[in-house]
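Hi,

Here is the structure I promised to pass on. Have a look at it first, and then read my notes below.

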Amino acid sequence: MADNMDKAPQGNPADAGQDNSNTQTADSTQQQKTFTQEELERVLSERLKREREKYKDYEELKKAAEELKKIKEAQMSEQEKLQMRLAEIEREKLERERELAELRTSLIKQKVLSEMGLPLTLADRIFGETEEEIRQDAEELKKLLNIQPNKIGSGTNPAGGGGQIKTFTKAEIERMSPEEINKNWEVIQEALKQGLIK
């Protein structure tokens, strides 16, 4: 038994584990290396140089692609050039037609809203492409909003006014709430037609 005691480790077993972690910490401290500014700049410079080497022929490739495009265009027959130009013109034409259709639709919306006594600000809420579709949608919107045109003899459009239209100044209209504008819409519209609002 005395022999077994001689073979047993000396000291606390927890201390043995601590010595092992101290050794690992010392090794990792030795592995961490600090760089001087010069060394860091040298490393960065080398990496930057390697990256530039990868892409050094980019400009050459870009020039070559442009030259290839010019050569292809030069080799194109006149008919091919004309077809390419015709395709460009067709694209431009389609774009102009789309813009014109949008403008026509917008004008129809404004016309229908004016005729129905609705504010022009509702134009974006009206859908349809033909005047009939737009008018139908505007009528549905008018029903939903329960907007009634001013009748002759109402407070803003008195009966027997002798053809005299109440005029508002631009400032008065700007101060009006949307409800007041709706209420006076026919009067404002007529004054605008006659050029009375200044």
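**What I found**

F35 sits in the loop that links α2 (13-31) with α3 (37-54). Please keep in mind that this is a predicted model. Is F35 buried or exposed? With a relative accessibility of 51%, F35 counts as exposed, because the cut-off for that class is over 50%. Together with L40 and L44, F35 makes a nonpolar surface patch of about 300 Å².

Now for the overall picture. The protein has nine helices and zero strands, so to read its elements from the N terminus you simply go α-α-α-α-α-α-α-α-α. Of its 198 residues, 15% are buried. The accessible surface comes to about 16,900 Å², and carbon and sulfur atoms hold 52% of that. Among contacts with a separation of 6 or more, 41% are between residues 24 or more positions apart.

Two of the helices are worth a look one after the other. Helix α4 (residues 58-75) has 18 residues, and its first and last C-alpha atoms are 26 Å apart, close to the 26 Å expected at 1.5 Å a residue. How many of the residues of α4 are buried? The count is zero, so α4 is hardly covered.

Helix α5 (residues 78-116) has 39 residues. At 1.5 Å a residue α5 should span 57 Å, and because its end C-alpha atoms are 57 Å apart, the two values agree. The buried residues of α5 are T105, K109, V112, L113, S114 and M116. What covers them includes α6 (131-145) and α9 (185-194). Just after α5 comes G117, which has a positive phi, near 75°.

Some of those α5 residues turn up again in the interior. Which residues form the largest nonpolar core? There are ten: V112, L113, M116, L118, L122, A123, I126, I134, A138 and L141. The elements that give two or more residues to this core are α5 and α6. One of the core residues, L141, is in contact with L122, R125 and I126, leaving aside its neighbours within four places in sequence. There is also a second, separate core of seven residues, and among them are F168, I188, A191 and I197.

If you open the model, you could begin with F35 and its patch partners L40 and L44, and then go on to the core that holds V112 and L141.

Best wishes

Methods:
Residues numbered from 1 in each chain as written. Predicted model: local features only at pLDDT ≥ 70, side-chain atom pairs only at ≥ 80, totals over all residues. Heavy atoms only, no water. Helix = DSSP H or I, 4+ residues; strand = E, 2+ residues; numbered from the N terminus. Expected span 1.5 Å × (residues − 1). Buried < 20%, exposed > 50% of the residue type's maximum accessible area, 1.4 Å probe, protein only. Contact = heavy atoms within 4.5 Å. Areas by Shrake-Rupley, 256 points an atom, 1.4 Å probe, with all protein chains shown as cover. Patch = residues over 30% accessible without salt bridge, like charges linked within 9 Å, V, L, I, M, F, W, Y side chains within 5 Å. Salt bridge = Lys/Arg side-chain N within 4 Å of Asp/Glu carboxyl O. Core = buried A, V, L, I, M, F, W, Y, C linked by side-chain atoms within 4.5 Å.
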